[in-house]
Amino acid sequence: MSAVLSTRGLAKRFGSLVVAQDIALALPQGVRYALIGPNGAGKTTLINLITGMLRPDAGRILLGEDDITSLRADARVKRGLARTFQINTLFPHLSALESVALAVCERQGCAGTWWTRLPGYRDAIEEAHGILASLRLAADCYRLTSELAYGRQRLLEIALALATRPKVLLLDEPAAGVPKDESADLFEAISGLASELTVLFIEHDMNIVFRFASRIIVMVGGRILVEGSPEEIARNPEVRTVYLGAERHG
Amino acid sequence: MTAADPAVAGPHRYLEAQVRWRRIEIAFWIAALLPFVVTPAYLQLASQIAITALFALSLDLILGYAGIVSLGHAAYFGVGAYAAGLLSKHVWGEPLSGLAVAGLLAGLAGYATSHIIVRFRHLALIMLTLGLGLLLHEAANSAHFLTGGADGLQGVRIRPLLETFRFDLYGRTAYAYSLAVLFLVFLVARRLIHSPFGLALRGIRENAVRMPAIGSPSRAHLRKIYTISAVMAGIAGALLTHTTSTVSLEVLSFQRSADVLVILILGGAGRLYGGILGAIIYMVARDQFSGINPQYWYFWIGVLLIAVVMFLPNGILGGLAKITARWRGRWP
């Protein structure tokens with residue numbers, strides 16, 4: 001099976017600090033990946049590199065067959081590569097509906113249009129509302145983002161990414177800061193996403209990881225230590241010593 | 001905000017309600033005609049207010065909506081003013097076509113500079129716009145053969161509006177003309193704000209980091225609004241030339257850039273009417289205070305500015321909105 005997203009020899013350093021080294025990934029379609037590793041392992045950096053928020057020093061990034069290494073972040077999104085942020089990166093004074101409608105308009109290419117009123121774009125508005133409803137945010141969609149409860153804001157993060165109609169969705173700790181009992185709900189919503197969508201999520205809670213991931217990538221010190229099925233990772237002695245044994249997160 | 005429960009009415013109706021004309025808006029524009037009957041002796045002032053309001057509106061589009069803080073917006077006002085003046089002096093004096101040419105040239109200047117402007121934010125942006133403004137001011141000052149330098153541009157002759165209405169001493173034509181242009185440009189700005197593009201601008205203001213992550217070419221958006229804003233500022237400058245039949249170097253001055261920023265902040269940025277309200281208060285205050293004490297009237301503007309920023313952080317309009325919201329909350 002050919003990969004929807006792959007990287008080859010991806011490397012990045014900040015001064016003398018190596019944050020990514022020789023990262024080779026190949027994510028097939030529809031697989032749910034968990035990216036785990038201790039703090040400072042370079043997980044978020046990897047997402048930043050893949051999505052174009054950071055420029056790699058070396059290596060290539062491919063979406064399907066296309067080399068996207070030199071594309072700007074917004075152009076990568078248009079090709080089907082979306083992400084969410086560990087810390088809410090939303091539009092505080094836009095309503096949830098407006099935020100998602102904006103993302104839909106950007107995808108449809110009408111966000112540069114300034115002579116037609118927004119309510120004229122019924123399709124975009126209905127689609128935005130549909131996305132919010134699918135994440136059970138419909139009741140809150142007229143409220144300003146800043147007035148939403150934190151857990152709802154985490155869902156809005158995902159709604160914004162979905163509005164770009166991604167092929168690959170990179171979730172940077174989607175449940176960060178959410179109470180344990182709510183984070184399972186959040187991941188239920190994530191696992192309910194379309195099955196052809198490739199998802200990679202960063203998560204520290206091992207119960208969640210083993211429950212929702214079909215493949216796991218372990219990163220340590222800017223390198224990929226190992227990739228495998230949850231059973232393989234659970235049995236891997238290196239992972240046990242370097243990650244699971246040495247450092248517990250909570 | 002809306003009368004009916006939006007959750008019942010559906011997402012489309014909710015957005016429709018947000019862009020609808022409010023009664024107070026219609027009342028405001030009707031009231032704008034009052035100076036013709038109530039204060040006919042002040043029509044020149046009213047015309048100046050309308051021009052300043054248009055200039056402030058152009059700044060609001062980039063500052064209030066897209067978050068571009070500029071201390072050099074007079075550059076485009078000045079380009080428009082000189083374009084209109086030079087056109088009438090050397091080519092033809094028909095005002096409406098002059099307005100179009102001035103807007104076009106200011107827009108070109110805006111588009112050219114926008115490529116630099118959109119790469120910067122915060123303090124660097126303020127210094128950059130300030131620098132560009134100073135640059136243009138000194139260029140116009142030294143180009144004496146073209147602009148008349150510090151003496152101002154002489155020999156501006158404007159033909160009657162629509163070949164019928166002369167620009168009279170009392171300012172009847174001037175105010176009617178300025179108000180009509182302000183209203184038309186306002187309609188364009190209002191439409192723009194309520195378009196998908198307007199939403200994208202608010203997105204950039206709210207979170208510039210997120211925009212590329214939803215596939216938005218933010219810089220292209222910023223270049224576009226900066227150009228549109230420059231066109232509007234240029235039209236305002238041309239209006240000043242047409243209604244006063246002269247162009248002084250002051251149109252490009254730092255003072256004008258600073259004043260319009262003060263006006264917008266007084267009135268409330270990002271509210272479309274903030275610049276207009278600010279212009280009315282500022283210009284009337286200047287007229288009154290300078291009548292009392294011509295030398296020190298800026299003292300009172302200073303007091304006003306400090307009071308507004310301290311007690312009404314979102315400007316006078318922001319304060320009013322808060323009060324009415326509270327009032328409505330108490331008596332639903």
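1. Let me start with the β-α-β unit of chain A in this predicted model. Strand 7, helix 6 and strand 8 of chain A form that unit, and its hand is right. Strand 7 covers residues 168-171, helix 6 covers residues 180-191, and strand 8 covers residues 198-202. The two strands of the unit, strand 7 and strand 8 of chain A, pair with each other in the parallel sense over four bridges. A handy place to look at this pairing is Leu171(A), which stands opposite Phe201(A) in strand 8 of chain A.

2. Strand 8 of chain A deserves a closer look. Is it buried or exposed? Five of its five residues are buried, so strand 8 of chain A is largely enclosed by the rest of the structure. You can follow this face by face: Thr198(A), Leu200(A) and Ile202(A) are buried on one side, while Val199(A) and Phe201(A) are buried on the other. Strand 8 of chain A also has a parallel partner in strand 3 (residues 32-36) of chain A, again with four bridges. In that pairing, Arg32(A) is the residue opposite Val199(A).

3. Now for the sheet as a whole. These strands belong to an open, six-stranded sheet of chain A with the order 6-7-8-3-9-10 and mixed pairing. Its edges are strand 6 (81-84) and strand 10 (223-228) of chain A, each of which pairs on one side only. On average, and with direction ignored, neighbouring strands of the sheet are turned by 20° against each other.

4. The strand 6 edge is worth a stop of its own. Strand 6 of chain A runs parallel to strand 7 of chain A, with four bridges between them, and Thr84(A) stands opposite Leu171(A) of strand 7. Helix 5 (residues 150-162) of chain A packs on the sheet here, touching both strand 6 and strand 7 of chain A. The direction of helix 5 makes about 170° with that of strand 6 of chain A.

5. On to the domains. Chain A is divided into domain 1, made of 1-80 + 166-250, and domain 2, made of 90-163. Taken over C-alpha atoms, the centres of these two domains of chain A are 26 Å apart. How many residues are in contact between them? Nine residues of domain 1 of chain A meet seven residues of domain 2 of chain A. Helix 6 of chain A, familiar from the β-α-β unit, supplies the largest share of the domain 1 side, namely three residues. By class, that side has seven nonpolar, one polar and one charged residues.

6. The contact between the chains involves 31 residues of chain B and 38 residues of chain A. On the chain B side, the elements giving two or more residues include helix 1 (6-9), helix 2 (11-19), helix 9 (172-193) and helix 12 (218-244) of chain B. Which element gives the most? Helix 10 of chain B does, with eight residues; this helix spans 196-206. The chain B side is made up of 16 nonpolar, nine polar and six charged residues.

7. A last stop, at a loop. Ser70(A) is found between strand 5 (66-67) and helix 2 (73-79) of chain A. Ser70(A) is exposed, with 10 other C-beta atoms within 10 Å; the cut-off for an exposed residue is 12 or fewer. Between the C-alpha atoms of Ser70(A) and Arg136(A) there are 37 Å, and the two residues are 66 residues apart along the chain.

Key:
Residues numbered from 1 in each chain as written. Chains lettered and ligands numbered in written order. Predicted model: local features only at pLDDT ≥ 70, side-chain atom pairs only at ≥ 80, totals over all residues. Pairing = 2+ DSSP bridges. Axes fitted to C-alpha atoms, helices over the stretch in contact; angles between N-to-C directions. Contact = placed C-beta atoms within 7 Å. Nonpolar A, V, L, I, M, F, W, Y, C, P; charged D, E, K, R; others polar. Domains from an automatic or database assignment. Buried ≥ 20, exposed ≤ 12 C-beta atoms within 10 Å, placed from the backbone. Right-handed = clockwise from strand over helix to strand, strands pointing away.
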